[in-house]
Every structure is written in structure tokens, then in C-alpha cells.
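Grab a pencil and let's work through a few exercises together. Have a look at the sequence and the model first.

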Amino acid sequence: MSLRERTLSAASIKEFPAVSIDSITPIRKSQVLLEQQQKEFWNSVNIDQMVSNIEQDKSNLLKCLPDILNLFEHACLEDPQQCDTIWTAFKPLLLQLNKQVPQTNERPHSPKCKPKHVKTVNVHGEEWTDDYVWLKDREDPSVLNYIQQENEYTRQMMAPTKPLQKLLYKEFVSRLDQDEQSAPVTLQTDGWSYYSRRVAGEEYRRHCRVKNNQEQVILDENLIANSPEFKEASYFRVGFLKISPDCRLLAYGIDSNGQERYTTFFLDLETLELLPDRIQGVYEDFEFSQDGSCVYYTLLDDTERAYQLKRHVIGQDVKQDTVLFHETDEMYFLTVTKSSDGKYILFKSSAQVTSETHYISSSGSDCQPHLIFPRREGIHYTVDHHEGHFFVLSNEEGKNNWIYRIPGPELLQMSSWEEWIAKRETVIEHRDFVLVEEFQFRKNHMIVMERSNCMQNMRIVDFTDDPSDFSQYHYVSFSESVYSIWLGSPSDSVTSLTQRQFDTHIVRFNYTSFIQPKQVIDYDMNTRTKTVVHEERLPVPYDQKMYVSKRLFATGHDGTAVPLSIVYRRDLLGMNMPNPQFNPLLLHAYGAYGMCLNTTFSTSRLSLLDRGFVFAIAHVRGGSDMGNAWYEEGKLGKKSNTFFDFCSVAEFLIKEGFTTPEKLAIYGRSAGGLLICSVIHMKPHLFRAALTEVPFVDVINTMFDASIPWTAFEWEEWGNPQDPSIYQVMKSYCPYTNLSGEQLAKNEYPHLLVIGGMNDPRVAFFEPLRLVAKMRNERSRLRQKIYGSREALKDDRLVLLKIDDAGHGGNSGQYSYLEDLAFEYAYLITTLQAPNKCISNDAITPQLVGIMSPTEDILTSSHRKKRYSKDEESLFHNKERGKGKLWRLFNNIF
């Protein structure tokens with residue numbers, strides 16, 4: 001008889017007839033309760049499942065150990081004789097482990113990439129030799145073979161961390177609210193309340209609505225992902241989801257390769273059947289007309305630029321769609337929105353610093369675009385409409401933006417845009433110290449998002465009594481000094497519905513901080529009261545008081561004060577301990593396109609903080625954290641300020657005793673990856689490890705090649721290297737150009753893990769690929785020259801490359817995303833020699849108990865193919881794409 005069968009049998013013999021537990025003696029009451037608990041425990045145990053999981057992958061033993069020990073504890077308590085049996089079995093193993101000498105696995109040989117010399121002379125008369133141009137050809141079998149070798153090498157090098165990855169993954173899942181549901185939005189049009197929710201064990205979300213307590217699933221992303229059309233896809237993402245104003249249709253776009261070109265489907269919400277209409281290659285800006293009879297969308301050209309606005313009439317052949325606007329200038333990108341009051345479709349053509357906006361009526365019958373102001377170099381503006389006026393947010397005559405209004409066409413017909421300029425009325429004046437970021441309208445209020453001294457603010461303008469009086473306003477107050485807010489909800493689909501609520505005095509926004517889980521708040525603009533309608537829930541104990549967040553300032557190389565935000569666990573800060581010690585620290589930054597890195601909560605990040613990590617964000621120049629002047633001081637010819645600021649923050653954290661170079665890791669993605677790869681060349685001894693995702697590293701070659709997607713658009717950010725002065729600046733910081741084989745050979749660079757995406761439309765796969773290939777060969781070549789041998793040193797720094805079948809945002813699905821995050825965290829923890837396990841504190845440490853749940857066993861290869869977390873990408877303001885959308889990916893990865 002098995003241990004479990006014997007215990008259950010004994011328990012069944014001792015059973016008494018069912019009686020009220022309150023009617024028996026206290027001693028017997030305790031016995032009955034104990035027996036009930038024992039039965040519940042053994043009924044919840046699935047030993048066969050646990051054994052099967054460990055047999056499939058021995059590293060699963062690590063995350064099953066707490067459950068195994070729990071089993072032994074119950075067995076010994078219920079039958080003390082089992083102590084002898086268990087000890088007899090385990091004593092030899094313990095003695096063997098005590099004698100065992102840790103083995104050092106032989107390091108595999110790193111991949112070799114054969115150089116192919118290509119010499120060119122650029123416009124400045126300089127001869128360039130590039131041995132790795134050939135790696136750009138994604139159709140070349142030798143290129144694909146080299147990528148496979150790099151991925152395999154990374155897998156082998158990270159194999160010893162696999163148990164740690166399993167442990168981290170289990171921690172992540174233990175904190176994941178697998179039944180999370182977004183705050184609903186009730187539409188007056190149809191009376192339904194719309195929301196989306198997670199489904200335990202499923203990778204993607206389910207979109208629902210409810211009325212009269214009856215839920216209706218209108219779109220299940222998981223069913224679509226596993227449908228015949230998409231089940232073999234290497235990537236899956238629902239990029240946008242829009243409900244028509246009459247609530248008759250649902251339009252949604254699917255990206256199945258990571259290239260951000262969406263196939264658009266239309267669903268009849270009455271029958272839940274798909275319409276025959278299907279539009280290919282749509283970008284994610286998408287709007288319905290007010291009567292729901294047609295839609296407006298943009299298409300991408302061969303360089304991934306939204307260049308064409310089209311109108312599709314529901315029910316007609318897509319081939320008959322009307323082209324409303326065609327942007328011919330390769331430096332301009334089209335975006336489409338609808339005005340807050342729903343009366344106009346607004347489409348903006350934007351370069352990095354210049355824009356113009358057209359409008360058409362949203363009635364569905366108007367096909368004639370009308371220009372508001374023509375593009376003027378250096379002037380960028382955004383438009384909304386309210387009460388017969390266009391409201392304009394512009395940097396004209398003020399870098400930090402101001403808001404004015406002009407009469408709309410329903411009030412006054414203008415013969416020229418100069419007449420409109422003459423009719424301007426100031427709504428919110430320009431201020432040198434306040435950046436006006438965006439604004440929205442409700443019927444009697446204007447909501448203005450501002451940023452000052454690295455802090456966000458929300459201004460509410462009340463014009464209930466007089467639509468032309470903007471002097472009545474107040475600011476929403478918040479209790480923390482380091483926090484983040486943004487309008488809408490975490491779910492894209494719900495956010496679009498929230499913004500449709502025009503005739504209301506409620507504004508919905510998100511609030512979070514490093515230590516406060518995300519909240520969705522409904523703010524009553526009349527009574528000035530907040531109601532939390534949704535809060536991120538952790539299934540395990542979390543004590544916010546155990547963590548500390550701060551805003552500090554470092555002194556830059558030129559005396560400029562550079563802000564940084566930090567968070568750590570209060571009891572694990574080394575400088576406060578009786579015997580002061582240094583903490584492992586992860587420093588994150590971006591520093592481009594005027595984007596701000598906001599301080600948001602991350603359940604996954606707790607796995608670092610509970611191992612003693614300090615996490616920090618450097619708000620370096622190149623972002624607009626301190627206003628538009630802060631942005632302009634970190635672009636074009638002043639780009640080097642971004643890198644100097646980052647190094648100054650790192651040195652400040654070391655000087656103040658938070659960490660040391662041996663415990664300092666750095667992280668950045670995309671343009672932030674350029675930052676990371678630049679500073680490890682500038683000051684390699686300052687960092688122990690570096691992690692970069694989809695890094696933009698070959699600045700000079702890319703900016704010379706206008707055929708590469710986004711190159712022309714990026715000239716206003718980085719500069720055109722045909723300009724001699726810009727060319728010299730680029731040469732000073734370009735990672736691919738400045739890579740030092742001598743420093744690599746001498747093991748002076750930090751450990752480096754580089755992540756790339758094979759289908760990335762923004763940073764091509766060959767950028768990280770060519771960087772790593774060059775690093776390997778330069779290290780080998782210089783090592784031969786210096787040491788007379790190409791062999792690796794005993795403690796060689798890691799150079800790892802991992803390229804997935806992914807787009808710019810990385811891997812998809814809530815579980816596969818966490819697997820990849822566990823891989824990256826394991827790299828950081830191992831290279832910094834941080835604790836493998838969370839440092840115990842009963843109030844906060846996740847209790848990793850219970851046999852492995854079905855959820856954890858679902859990660860089959862069919863789930864691993866899906867490559868992107870939609871909710872994560874929807875979280876940050878993406879000026880990088882010129883979209884003006886909230887795309888807060890960076891905030892939630894770490």
C-alpha cells in the first residue's frame with residue numbers, strides 16, 4: 001500500500017458519524033479538524049503528476065522541492081514511523097552531497113562567423129571596411145545557420161541556470177492574478193458593460209460584455225490563436241480592437257509575424273459572426289465613422305512608414321476603398337484619431353519635429369480632407385475639437401508647448417490658415433518649467449497632462465458655466481512623490497471605450513508607482529473625489545511598507561542635475577545593515593525621442609528586490625522627463641549627453657554606497673540598447689553585466705542607408721551622417737564602429753546578453769547579429785596578437801546572443817513572456833552573483849506551495865511560438881513611431 005493510500009485508509013477508519021462540530025468536546029473537535037485538514041491535503045496532492053514533470057525535465061525538481069518537503073512533513077506528523085523510512089532513504093544522499101565536489105562544466109566553443117571583407121568609400125572620402133555586411137541577407141542559409149549556432153551556444157551557456165529559471169518562473173506565476181479582469185465600461189448606446197479578462201492557463205485575453213448579469217464572450221484571443229489560420233504562426237498579437245459607435249460591429253487587427261501589419265476582421269456583435277470584409281496590411285491606427293457605415297485606416301509602405309489614409313465602406317469590396325490622403329515625403333508618418341466629441345476624423349502627418357493636421361467629418365460621407373495649418377519646419381502640433389472650436393497643442397513660440405483654440409468650420413469659414421492664426425485664443429500659456437504632454441475633453445471639462453521636474457501632474461479645467469472661461473482649474477493630488485499616471489485603462493480595448501464617454505464628469509486614469517500596484521481610478525471632476533474601480537491583485541502576500549522608492553539627483557559631467565528613481569526592499573539595503581555591504585543593482589534607461597521612463601509597479605521585479613537588488617531608472621537627456629529642452633540636449637549633435645548622464649548616474653550610485661562596479665548591471669532596449677552598448681565601450685570597468693534587447697547599434701551604416709525602414713524619419717532624431725559635424729559625433733559613440741577588440745581580449749568588457757527579433761520592423765535582426773559577430777572575431781584576433789593564442793581566458797566574460805522569431809516587442813502570451821523574463825533575470829542574478837533564492841521575510845515572501853498546477857504544465861511548443869505581450873506594449877508613449885500612443889513596454893519589463 002502506498003504512503004498516500006495508507007494515510008487515507010487510516011483516516012477513513014477513524015471517521016465518526018456526521019455531527020455538528022460545535023457539539024463535541026474541544027479535544028475531539030481538534031482531532032476532527034486535523035483529520036479534515038489531512039484529507040483535504042492528500043486529496044489535493046497529485047504525486048504521479050509531480051513525478052511525471054520531474055522525469056520530463058530534472059530541473060523541475062527545484063520548484064517541486066517545497067511540495068516534496070511538505071509531503072514528508074505531513075507523512076511524519078501523521079505516522080511517526082515514517083520518519084525512520086524517510087531518513088533511511090535520504091541519509092545516503094545527504095552524505096553523498098556533503099562529499100561531492102562542485103564540478104566545473106567545460107565551456108563550449110563560441111560560434112565562428114567568417115569575415116567577408118567589403119570596402120567602401122563614404123561621402124566624406126573615408127575608406128570603411130565592414131566584414132559582416134553579408135549577415136544582412138535573411139534568405140542566405142549560412143546566415144540562418146550562424147543564427148542557429150548563436151542561439152544554441154546561448155542555450156548551452158545558460159543551461160546551468162535552468163533550475164534558477166524554473167524557480168523564477170514559479171515566483172512570477174505565484175504573483176500573477178490569473179483571473180484578472182479589467183474595470184468595465186458601460187456604454188449608454190446599448191447598455192452593455194465591456195471588459196477583458198485573463199483566463200488561467202491561457203496565453204491571451206478574453207473580451208467580454210455583460211448585461212442583466214449575463215456574460216457574453218465577444219472575442220477569445222486564444223481561440224483565434226489556435227485556429228487553423230494562425231496556429232502555425234510564429235507570432236500572434238491582437239493589435240487593436242474597436243467597437244463601432246452604434247455598437248453593431250467589432251473590428252480587430254491581427255499580426256501573425258511581428259511586423260506590425262495587421263489583418264483586420266469585422267465581427268457582427270448581434271450574431272457574433274464574421275463579415276466577409278477583410279483588410280490586409282493595416283497599421284494599428286483605426287477609426288469608425290460615427291454612423292458605423294465605414295472605417296478609416298492607414299497602410300505601411302516598404303519602409304514600414306504609414307503613408308496612405310484609406311476609407312472602407314462596410315460591405316463593399318476592399319478593392320474599392322478610397323484613398324483620402326497620400327503622404328509622399330519619406331520623413332513623414334501618418335496617424336489617425338477621432339476628436340473627443342466624435343465629430344471629426346483627425347489625421348496627422350508627422351516628422352520628428354514637424355507636423356500638419358487635416359480633418360474630415362466623421363459622418364462617413366465626407367471624403368474631402370481639410371488642412372488646418374500647413375507644415376512649418378520645427379513646429380509640431382496636435383488637434384482636438386470641442387464646442388465648435390479646434391484646440392491646438394503646439395510648440396510654436398514655446399518649446400514646452402501651449403494650448404490655444406481657433407474657431408472650427410461650423411463657426412467661421414476661413415479662406416486661409418493665416419486667418420485662423422489671427423483668431424487664436426490662449427487656453428493654457430507656455431511655461432518654461434512645465435511640459436504640456438497631452439489633453440482630452442469631456443463635455444464640460446478639459447483634462448491636461450503635464451510634467452514638471454520629472455513629475456507628472458493632471459490639470460482639470462472646468463468650463464461648466466462658461467465654455468470660453470479657462471481660468472477655473474485645479475490639479476489632482478497624489479500622496480506619493482514618485483509615481484506614474486496615464487489616461488484610460490491598462491487594456492487597449494477598454495481605453496478606447498473610456499475615451500468615447502464624452503457626456504460625463506468622470507475621467508478614468510491609471511495610477512501606479514514602484515511600490516503601488518496599478519490602480520484604475522475614476523475621478524469625479526465636479527466633486528474632486530477618486531474611486532478605485534480596479535487594482536492589480538497579488539495572490540500572495542505583499543507588504544508595500546517593506547519597500548522604499550525615492551527620486552534622487554546625480555551631477556552630470558557638465559554640472560547638470562540628472563534625476564534618477566530608485567526602489568529597494570527596506571530591510572535589504574546593505575548600507576543600513578550592521579555590517580554595511582553593497583547591493584546588486586540594475587540600472588535602466590532609454591534616452592531618445594523625448595520618451596519618458598515612468599515609475600511603474602512590476603510583480604516580476606519583486607523577484608529582484610527580494611534578492612537584495614536595487615532597481616534604478618536614469619532619466620537621462622534625450623527623454624523629456626525634464627521638459628522639451630531636456631530632450632533637445634540629448635539628440636543630434638548633443639547626443640553624447642545621453643551617455644555621459646547615464647555614466648554619471650552609475651557613478652553616483654556607487655559613490656553613495658548603493659552598489660559597486662562588480663554588482664552593477666545595466667539594461668536598455670531599442671534606442672536604449674544603443675545607450676547600453678555605447679557606455680560599455682566608454683567606461684567598461686563601471687559595469688559587471690549588460691542586458692540589451694533589440695539594440696540599435698550600427699548608427700552610421702544605418703543612417704547612411706535610406707532603404708532601411710525608418711532611416712529618413714530618424715534623421716531629425718540622430719542626424720544625417722552626410723553632414724560632416726553629425727558624422728563626427730556619430731563616430732564618437734556608435735557601438736559597432738567603436739567596438740574595442742583589445743578591451744574584449746583583455747576581458748575588460750562586462751558580461752553581455754543581446755536579444756534580437758527576426759521579424760523586427762524597427763531594429764533589423766542583423767544589427768545585434770553583426771555586433772556580436774564582430775565582437776567575437778575582434779576578441780579572438782586581438783587575443784592572438786596580445787597573448788599568442790585565441791583560446792578563451794579562464795574567467796572570460798560572457799557574450800551571448802538570442803534571436804527569436806519575434807518582432808520589436810519580444811515574446812507574447814502571459815506565460816511565455818514570463819519564461820523569457822526568467823531567462824533574463826537568471827542571467828542578471830548569476831553574473832552579479834546575487835542570491836539564487838528570495839531572502840526570506842514571512843510578511844512578503846511568496847509561499848511557493850502546492851503541487852505544480854495545470855497552468856504551469858501548459859507551456860507547450862504551441863504556446864512558445866506566440867511572440868508578444870499586447871498589454872505590455874500598450875503601456876508607453878511611442879514617439880519612436882511618431883504615433884502619439886501610449887506604449888509603456890519598457891516600464892513593465894523590469
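**Exercise 1.** Work out how helix 13 and helix 14 are placed relative to each other.

*Solution.* Start with the spans: helix 13 covers residues 640-655 and helix 14 covers residues 671-682. (Helices, H or I of at least four residues, and strands, E of at least two, are DSSP runs numbered from the N terminus.) Next, the two helices pack at an angle of about 70°, with axes 10 Å apart. Axes are lines fitted to C-alpha atoms, for helices over the stretch in contact, and angles run from 0 to 180 degrees between N-to-C directions. Angles of 65 to 115 degrees count as roughly perpendicular, under 35 as roughly parallel, over 145 as roughly antiparallel and the rest as oblique, so helix 13 and helix 14 are roughly perpendicular. Finally, look at who touches whom (contact means heavy atoms within 4.5 Å): helix 13 brings residues including Phe643 and Phe646, and helix 14 brings Leu674 and Met682, among others.

A quick note on the model: it is predicted, local features need pLDDT of at least 70, side-chain atom pairs count only at pLDDT 80 or more, and totals for chains, interfaces and linings use all residues. Residues are numbered from 1 along each chain as its sequence is written, and side-chain values use heavy atoms, leaving out hydrogens and water.

**Exercise 2.** Describe how strand 22 is paired and whether it is enclosed or not.

*Solution.* First, seven bridges join strand 22 to strand 23, and the two run antiparallel. (Strands pair if DSSP finds at least two bridges between them.) One partnership links Glu438 with Met449 of strand 23. Then follow the chain: a hairpin connects the strands through two residues. Last, six of the eight residues of strand 22 are buried (under 20% relative accessible area, with exposed over 50% and partly exposed in between, using a 1.4 Å probe and protein chains only), so strand 22 is largely enclosed by the rest of the structure.
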